[in-house]
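Let's take a walk through this protein together, one piece at a time. Keep the picture open as you read.

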Amino acid sequence: THLLSSQSECNRWLSVATFAIDWWETAGIVDWDMTVAKDQFARLHDQLRKAVEAKTPLPFDLPGYSCILHERGMGSGRDSRREFRIEYCGITIGLSTRECSKRQLYNFSCLVPGNACLLVGAAESRKIVQDIVTLLGGTITDEWVRRLDLCLDVPGLSLRDELLPAFEAGQMTTTATRWNSWDGKKGKTGFSVGSRPRLKLNCYDKLLDTIEKQNGVYQVAMQERRWNGVVPEAATRLEYQIGKEWLDVYGLTDAEYALGSMADIVAKLVEKEPRRFFCLLSRKPDRANHHQSREELLPVWAELIQVMLARAGEPSGPLRPIPRFGASLANVWARVRGGIVTASAMRGVYLGSLADAQNTLEWMHGQHGGSDDDWESRYLKRARELGTLDETVSFHPFDERDAA
């Protein structure tokens, strides 16, 4: 999509803007090797008991890592319980010693908040987490994203001069039902669109946020890693907070897969069709007559979109929602069962067992021109849509006629 009248307009911010992960939160399943984990579990339980008695976190050392073990674990209510809460350089790891195979009873979680993403880095933090789990005798076999924040830091861009006036004037279009500006002692410092846990956009004065809310270490890191080594006169951050609910819609149910799909995610967040999640416009749209799509983007917003796309990389293809019914096998079963019962009742054939249900299915298969090829082609199409087809192990049963 050609958003800019010239490439030079994009280059104005491209040379200074930084795109990064600013929050990484996952859950997962760890398989424990008890030849190693048994002794480590004993150490963890012993230190946890001491921390509870002392009512304060205590050190827990591993080779190469001086960690902290908190006196309280993680998880309550519907959130799976993890009795150990280990912290290292602002990274929090939640662990349970139980074996599990279901995501509802996961025994691992990881939280890399904004400070750790800036100071340590999201990629390096993931390596650290994997190392710590390995040293404790575990292997992460399944991991999924609970929250992912993607941010674009733009030094030199004044939120109050360039973006807030258009937002306050209603020069925008969005699929969200909630949006608001931020009011504080120093006036309006940003705005939000949407709400967690699904999808939310925060756009705010990052210079003011850094000076007022963060410590000296964070301020220096922002200067060196996000502002090109200097403290700018103004700085703005665009921050998309993406929750598991949004990722699941597009089949991004594996952490590694989601991490490798950053360009696709960004493209989906800012795409024009069928309708953008949010964008600022050159003038207030005619909402009464549904002519929002006719308005041009605010030039600076068009630049920021282009810069974010350039920083995220080349997308592999458009993200497409997976069919809703694919999310629940219970719902599929209810429909299958209901259809067979209805067919039996329409035929006036008694249905009192699984064998009777199979007979009805076989009758319908023959009555309506069913074939093995038809079943297979329909399965392959649906499995590809749901992302569950493993092409490397898919094969046709051997048929002697193929050898002729």
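In this predicted model, the buried residues of helix 11 are Met262, Ala263, Asp264, Ile265, Val266, Lys268, Leu269 and Val270. That makes eight of the nine residues in the helix (262–270), so the rest of the structure largely encloses helix 11. What does helix 11 lie across? Its neighbours are strand 1 (18–32), strand 7, strand 11 and strand 12, and it runs at about 50° to strand 7.

Now look at the sheet. Eleven strands form an open sheet with antiparallel pairing, in the order 2-3-4-5-6-1-7-12-11-10-9. Strand 2 (58–62) and strand 9 (179–184) are the edges, each pairing on one side only. From one strand to the next, the twist averages 20°. At one edge, strand 9 joins strand 10 (residues 187–195) through six bridges in the antiparallel sense. Here glycine 184 has glycine 187, in strand 10, as its bridge partner. Helix 7 (residues 206–213) also packs on the sheet, where it touches strand 7 (138–155), strand 10, strand 11 (199–205) and strand 12 (235–243). The direction of helix 7 makes about 80° with that of strand 11.

Finally, turn to helix 4 (residues 122–135). At 1.5 Å a residue, its 14 residues should span 20 Å, and its end C-alpha atoms are indeed 20 Å apart. Its buried residues are Ala122, Ser125, Arg126, Ile128, Val129, Ile132 and Val133. They cover an arc of only 160° around the axis, so they sit on the same side of helix 4. An α-helix has 3.6 residues a turn, so residues three or four places apart point the same way. On the other side of helix 4, Ala123, Lys127 and Thr134 are exposed. Just after helix 4 comes glycine 137, with a positive phi of about 95°.

Note on methods. Residues are numbered from 1 along each chain as its sequence is written. This is a predicted model: local features need pLDDT of at least 70, side-chain atom pairs count only at pLDDT 80 or more; totals for chains, interfaces and linings use all residues. Side-chain values use heavy atoms; hydrogens and water are left out. Buried means under 20% relative accessible area, exposed over 50%, partly exposed in between (1.4 Å probe, protein chains only). Helices (H or I, at least four residues) and strands (E, at least two) are DSSP runs, numbered from the N terminus. Two strands pair if DSSP finds at least two bridges between them. Axes are lines fitted to C-alpha atoms, for helices over the stretch in contact, and angles run from 0 to 180 degrees between N-to-C directions. Contact means heavy atoms within 4.5 Å. The expected span of a helix is 1.5 Å times one less than its number of residues. The arc is that of the directions from the helix axis to the C-beta atoms.
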